[in-house]
Amino acid sequence: VKNVLVVLDLDPDVKQEVIYLKKSLFAQIGVQEYSAATAWKNPAAAFTLPDVHCMECHECRDVDLCVTLPEDEESSQKQWLCAGCGSSYDVDNIERRLVDIVQKKCIRYQLQDLRCTKTQQVAVRALSRTSDCSAALKLDIPRNEFFGQLTILRNLANFYELDWLLETTNGVLNGYA
């Protein structure tokens, strides 16, 4: 329902009809119109690398590395292009930064705190499965979120043929499996 409404909402000529349709569809399925369950979330993967510097026009931009541009007929090489001048970014620099990000994410995941699900207090007892109030403990960074981000980076490494990043992400993912 949410995806259809977002597509219909793109046409400004039917804006009012989409509002009525949204209201009635959510009422039929028993969901309030402005609840968090009605918010649309883009299903495509995204990974934004901040402050990517273009060597040609000297602009610094945040680049979503998962957005792929149409390929040139003359060039089969996959690369990220500057939105300002159209020149390609330094792939080696981007790969180095991505490997640094993987290493930092691993360190942060390994050194994270366990928190009480009831009080949100940091657990102070070592090797305990429950908190002081006997509630379950949870990780600050959920396992599926950590592995999801590493999988996105591994897929980027496969697509753009970044060998160092691919080796690093495969090593980390195989080490936790």
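**A tour of two cysteines and a helix pair**

Start by selecting Cys54, which is buried, with a relative accessible area of 0%. The model on screen is a predicted one.

Next, add Cys85 to the selection. Cys85 is partly exposed, its relative accessible area being 39%. Show the sulfur atoms of both residues and draw a distance between them. The sulfur of Cys54 has that of Cys85 as its nearest cysteine sulfur, 3.6 Å away. A disulfide requires two cysteine sulfurs within 2.5 Å, so at 3.6 Å the sulfur of Cys85 is too far from that of Cys54 for a bond. How many disulfides does the count come to? By this rule, zero.

Now leave the cysteine pair and select residues 91-110, helix H3, together with residues 143-160, helix H4. The two axes come within 11 Å and cross at roughly 165°. Angles over 145 degrees count as roughly antiparallel, and H3 and H4 are therefore roughly antiparallel to each other. Turn the view so that one helix lies in front of the other. Is the crossing left-handed or right-handed? H3 passes H4 in a left-handed crossing.

Finally, show side chains where the helices touch. On the H3 side, select Leu98, Val102, Lys105, Cys106 and Tyr109. On the H4 side, the residues they meet are Arg143, Phe146, Gln149, Leu150 and Leu153. Colour this set by residue class: the contact of H3 with H4 has seven nonpolar residues, one polar and two charged. Lys105 in H3 and Arg143 in H4 are among the residues to pick out here, since Lys and Arg count as charged.

How values were computed. Residues are numbered from 1 along each chain as its sequence is written. This is a predicted model: local features need pLDDT of at least 70, side-chain atom pairs count only at pLDDT 80 or more; totals for chains, interfaces and linings use all residues. Side-chain values use heavy atoms; hydrogens and water are left out. Buried means under 20% relative accessible area, exposed over 50%, partly exposed in between (1.4 Å probe, protein chains only). Axes are lines fitted to C-alpha atoms, for helices over the stretch in contact, and angles run from 0 to 180 degrees between N-to-C directions. Helices (H or I, at least four residues) and strands (E, at least two) are DSSP runs, numbered from the N terminus. Angles under 35 degrees count as roughly parallel, over 145 as roughly antiparallel, 65 to 115 as roughly perpendicular and the rest as oblique. A crossing is left-handed if the near helix is turned anticlockwise from the far one by less than a right angle, and right-handed if clockwise. Contact means heavy atoms within 4.5 Å.
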